[in-house]
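Biologist: Please take a close look at one loop of this model and describe the backbone there. Then work outwards to the other parts that can be described in a similar way.

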Amino acid sequence: MTQTYHQFRLDLATALTGFLDPEEAQAECSRWFEEGLGLSRSWMSAHGADLVPVEVRRKVGDWLRRRRTGEPWAYILGWSLFRGRRFKVTPDTLIPRPETELLVEAALEVGRRLKVEHCVDVGTGSGIIAVSLALETDWQLAASELSPGALAVARKNAEQLGAAIQFHEGSLLNPVPDPVGLVVANLPYVDPADQPTLQRELAFEPSSALFAPDRGLALSTALLVQARARKSPACLLEIGADQGGELCRSALGSGWRKAMVHQDFAGHDRVLVALA
Ligand SMILES: C[S@@+](CC[C@H](N)C(=O)[O-])C[C@H]1O[C@@H](n2cnc3c(N)ncnc32)[C@H](O)[C@@H]1O
């Protein structure tokens with residue numbers, strides 16, 4: 001069957017509407033063309049009447065089969081953008097979330113104000129936080145990660161983006177030598193009890209990157225204690241929408257002088273800042 005690019009795009013948008021809401025389907029359709037096929041809007045304006053080669057139709061058919069099962073587009077594509085940089089992602093890593101930019105912005109602000117020289121990203125995953133901070137400051141960056149698969153992806157991203165980072169495999173700050181400096185982390189913070197109600201796409205991400213015991217609080221609480229004991233000047237954590245109050249109390253209880261919460265654009269608790 002022959003088909004023009006113009007018709008092919010319309011058919012793809014219709015197929016995506018079969019399992020995504022219409023706005024999401026349009027946005028994904030554009031991403032599939034631009035990110036997946038490398039065909040820009042201006043290329044489409046000039047070549048919309050060209051015929052689509054069979055291998056392109058096969059490739060998109062394969063993406064559609066995978067996407068219909070709930071597999072996220074970033075895993076199908078193999079990369080995702082964060083702060084304008086392209087990061088490799090695999091099923092071993094969490095897909096970068098836009099909210100994490102707020103954590104990076106807060107870390108830049110606090111780190112510059114405190115004139116830190118060292119910084120560690122705990123639970124680095126694909127390395128988005130460590131790489132962004134390494135490339136946007138002159139701090140010495142370290143990163144820790146429990147999952148060897150994720151750590152391999154983070155190393156590759158750092159190498160490809162030219163970021164100098166000391167990577168350490170292990171739990172929280174345990175494998176990181178002194179001085180740790182500013183501690184930044186987007187650790188798992190989802191309550192395991194919420195699992196049945198979550199979006200089906202999340203089932204494709206590693207559960208060890210999403211869930212933490214004690215209603216999602218266990219790792220954040222443990223890191224606040226460790227970072228304080230390791231003389232960090234500040235600890236910044238990405239947190240769950242309703243975890244601010246409890247984690248501020250934990251921070252003060254573990255010896256931090258001050259603790260405050262920044263909210264995201266939706267008005268949810270998102271970043272905890274604990275200061276020594
Ligand atoms: C929510 S993901 C965040 C990944 C990345 N920092 C980001 O923002 O996209 C949490 C990461 O923490 C790692 N992790 C879980 N428990 C850990 C622990 N005890 N010590 C270090 N890393 C851990 C997971 O493997 C996962 O890569």
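Modeller: The loop to start with is the one between α9 and β7 (234–238), where Lys 231 is found. The model is a predicted one. Lys 231 is not a glycine, yet its phi is positive, at about 65°. Its surroundings are sparse enough for Lys 231 to count as exposed, because it has 11 C-beta neighbours inside 10 Å and the class takes in residues with 12 or fewer.

A second residue with this kind of backbone is Arg 83, a residue other than glycine whose phi is positive and near 50°. Arg 83 belongs to the loop between β1 (79–82) and β2 (85–88). It counts as partly exposed, because there are 17 C-beta neighbours inside 10 Å, a number between the limits of 12 for exposed and 20 for buried.

A backbone feature of another kind is the cis peptide bond that joins Asp 178 and Pro 179, with omega at about -5°. The proline of this pair, Pro 179, is located in the loop between β5 (165–169) and β6.

The loop between β6 (182–185) and α9 (218–229) contains Leu 198. Leu 198 is partly exposed, because 13 other C-beta atoms lie within 10 Å and the limit for exposed is 12 or fewer. Along the chain, Leu 198 is 135 residues from Trp 63, and the C-alpha atoms of the two are separated by 23 Å.

For the setting of these loops, consider the whole protein. It has 276 residues, of which 37% count as buried. There are 10 helices and nine strands, and the C-alpha atoms fill a box of roughly 70 × 40 × 30 Å along the principal axes. Among contacts with a separation of 6 or more, 66% come from residues 24 or more positions apart.

The ligand comes next. It is surrounded by 23 residues, and the closest are Gly 123, Gly 125, Leu 146, Asn 186 and Ala 209. Two elements, α7 (128–136) and β4 (140–145), give two or more residues to this shell. Sorted by class, the shell has 12 nonpolar, 10 polar and one charged residues.

Helix α7 also packs against another helix. The axes of α6 (residues 100–113) and α7 come within 10 Å and cross at roughly 40°. These two helices are therefore oblique to each other, and the crossing is right-handed. On the α6 side the contact involves Thr 100, Leu 103, Val 104, Ala 107 and Leu 108, which meet Ile 128, Ile 129, Ser 132, Leu 133 and Glu 136 in α7. By class, the residues of this contact are seven nonpolar, two polar and one charged.

At the start of the chain there is a further helix pair. Helix α1 (residues 5–17) packs on helix α2 (residues 22–36) with the axes 8 Å apart and an angle of about 135° between them. That angle makes α1 oblique to α2, because roughly antiparallel requires an angle over 145 degrees. The crossing of α1 and α2 is right-handed. From α1, the residues Arg 9, Leu 12, Ala 13, Leu 16 and Thr 17 take part, and they meet Pro 22, Ala 25, Gln 26, Glu 28, Cys 29, Trp 32 and Phe 33 in α2. The residues of this contact are eight nonpolar, two polar and two charged.

Between α1 and α2 there is a loop, and Asp 21 is found in it. Asp 21 counts as exposed, because it has 10 C-beta neighbours inside 10 Å and the class takes in 12 or fewer. Asp 21 and Ala 49 are 28 residues apart in sequence, with their C-alpha atoms 28 Å apart in space.

Helix α2 also holds Glu 35. Glu 35 is partly exposed, because 17 other C-beta atoms lie within 10 Å and buried would require 20 or more. From Glu 35 to Trp 79 the distance is 9.5 Å, C-alpha to C-alpha, for two residues that are 44 residues apart in sequence.

To return to the loop that opened this account, Lys 231 combines a positive phi of about 65° with an exposed position, whereas Arg 83, with a phi near 50°, is partly exposed.

Key. Residues numbered from 1 in each chain as written. Predicted model: local features only at pLDDT ≥ 70, side-chain atom pairs only at ≥ 80, totals over all residues. Helix = DSSP H or I, 4+ residues; strand = E, 2+ residues; numbered from the N terminus. Contact = placed C-beta atoms within 7 Å. Axes fitted to C-alpha atoms, helices over the stretch in contact; angles between N-to-C directions. Parallel < 35°, antiparallel > 145°, perpendicular 65-115°, else oblique. Left-handed = near helix turned anticlockwise from the far one by under 90°. Nonpolar A, V, L, I, M, F, W, Y, C, P; charged D, E, K, R; others polar. Near = placed C-beta within 6 Å.
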